Amino acid sequence: PNAAILEIGCGTGDAGALALKDGRCGRYMGVELFEQAARIAQTRLTQVVTGDIERLDLPWAPATFDALVLSEVLEHLVDPWAVLARLARLAKPGAVVLASSPNVAHWRVVLELLAGRFELADQGVFDRTHMRWFTPATYAAAFEGAGFEVVRVGPVVPFAARTRMLSALTGRRLDHLFMVQICLEARRR
């Protein structure tokens, strides 16, 4: 209940407002690129900084946060590795990190690439605003390289029964093909 949480790409502050309301934290801060969403978040969260995370001077001292949340953010950045390194300094030792990103290694994406297509879209892995693409392994490596210990990498949505069976039969070696989105949990070393 006394935790300080930082969410990058907090939107209108829905997650933070719920965490505060349910007593899951004492302070919930956010960074939001879009001014209209940030204005709404400012009415719901402890503190919101508006602007591009890659260019902002963040106002918080090192080792301020007990948790970091980065949901569907890193793929939109020019240099997500530098951002992760900056955020690592803001996290307390042992701080929890929860992050997600689309998976470029999903079998449907692989089929599109095999067919010679990479058609940009308004959402999903081919979202035209994506600057970077990750597989589960490269996503985990980005966090490891920034000073986090990856605890778990898996799908955002649990596998259906048939996919769980296929995963077990292949010794989990092909799980990267079945994750639409990557879900990562890590801790600050």
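R172 is exposed, with a relative accessible area of 56%, and that makes a handy way into this predicted model. Its side chain meets that of D175 in a salt bridge, at 3.5 Å from N to O. D175 itself counts as buried, at 4% relative accessibility. From this pair, the briefing moves on to the other salt bridges, the nonpolar cores, a β-α-β unit, a buried asparagine and two backbone oddities.

**D175 and its surroundings**

- D175 is found in the loop between α6 (161-169) and β7.
- Setting aside neighbours within four places in sequence, D175 is in contact with F159 and S167.
- Is D175 buried or exposed? With a relative accessibility of 4%, D175 is buried because the cut-off for that class is under 20%.
- Its salt-bridge partner R172, by contrast, is exposed at 56%.

**Other salt bridges**

- How many salt bridges does a search of the whole structure find? The search returns eight, including the R172 and D175 pair described above.
- Another of them joins R39 to E35, with the closest N and O atoms 4.0 Å apart.
- Both R39 and E35 lie in helix α2, four residues apart, which is about one turn of the helix.
- R39 is partly exposed, with a relative accessible area of 49%, while E35 is exposed at 54%.
- D122 and R128 also form a salt bridge, and here the closest N and O atoms are 3.2 Å apart.
- D122 is exposed, with a relative accessible area of 66%, and R128 is partly exposed at 48%.
- As general background, side chains of opposite charge can pair when their charged atoms come close.

**The β2-α2-β3 unit**

- Helix α2 (residues 35-42) belongs to a right-handed β-α-β unit together with β2 and β3.
- Strands β2 (residues 27-32) and β3 (residues 47-50) run parallel and are joined by four bridges.
- Which residue of β3 stands opposite G30? Look for V48.
- The R39 and E35 salt bridge sits in the helix of this unit, since both residues lie in α2.

**Nonpolar cores**

- The largest nonpolar core has 35 residues, and those with the most contacts inside it are L6, V31, W60, L68, L70, L87 and F143.
- Two or more residues of this core come from each of β1 (4-8), β2, β4 (65-71), α3 (80-90), β5, α5 (136-145) and β7 (181-188).
- Which element gives the largest share of this core? Helix α3 does, with five residues.
- L87 is in contact with L6, I8, L58, L68 and L70, leaving aside its neighbours within four places in sequence.
- A second, separate core has eleven residues, among them C10, L45, V48 and V69.
- V48 therefore appears in two parts of this briefing: it is included in the second core, and it stands opposite G30 from its place in β3.
- In soluble globular proteins, nonpolar side chains tend to be buried together.

**N103, a buried asparagine**

- N103 is located in the loop between β5 (91-102) and α4 (107-114).
- N103 is buried, with a relative accessible area of 1%.
- What does the side chain of N103 reach at 2.9 Å? The answer is the backbone nitrogen of A105.
- A polar atom of the N103 side chain also lies 2.7 Å from the backbone oxygen of M179.
- Beyond its neighbours within four places in sequence, the contacts of N103 include V109, V125, F134, T135 and P136.
- The contacts of N103 also include a run further along the chain, with H176, M179, V180, Q181 and I182.

**Positive phi outside glycine**

- A63 has a positive phi of about 55 degrees, although it is not a glycine.
- A63 lies in the loop between β3 and β4, where it is partly exposed with a relative accessible area of 36%.
- E72 is another residue other than glycine with a positive phi, in this case near 60 degrees.
- E72 is placed in the loop between β4 and α3, and it is partly exposed at 25%.

Notes
Residues numbered from 1 in each chain as written. Predicted model: local features only at pLDDT ≥ 70, side-chain atom pairs only at ≥ 80, totals over all residues. Heavy atoms only, no water. Buried < 20%, exposed > 50% of the residue type's maximum accessible area, 1.4 Å probe, protein only. Polar contact = N/O pair within 3.5 Å; in protein donor to acceptor, adjacent residues only side chain to side chain. Contact = heavy atoms within 4.5 Å. Pairing = 2+ DSSP bridges. Right-handed = clockwise from strand over helix to strand, strands pointing away. Core = buried A, V, L, I, M, F, W, Y, C linked by side-chain atoms within 4.5 Å.
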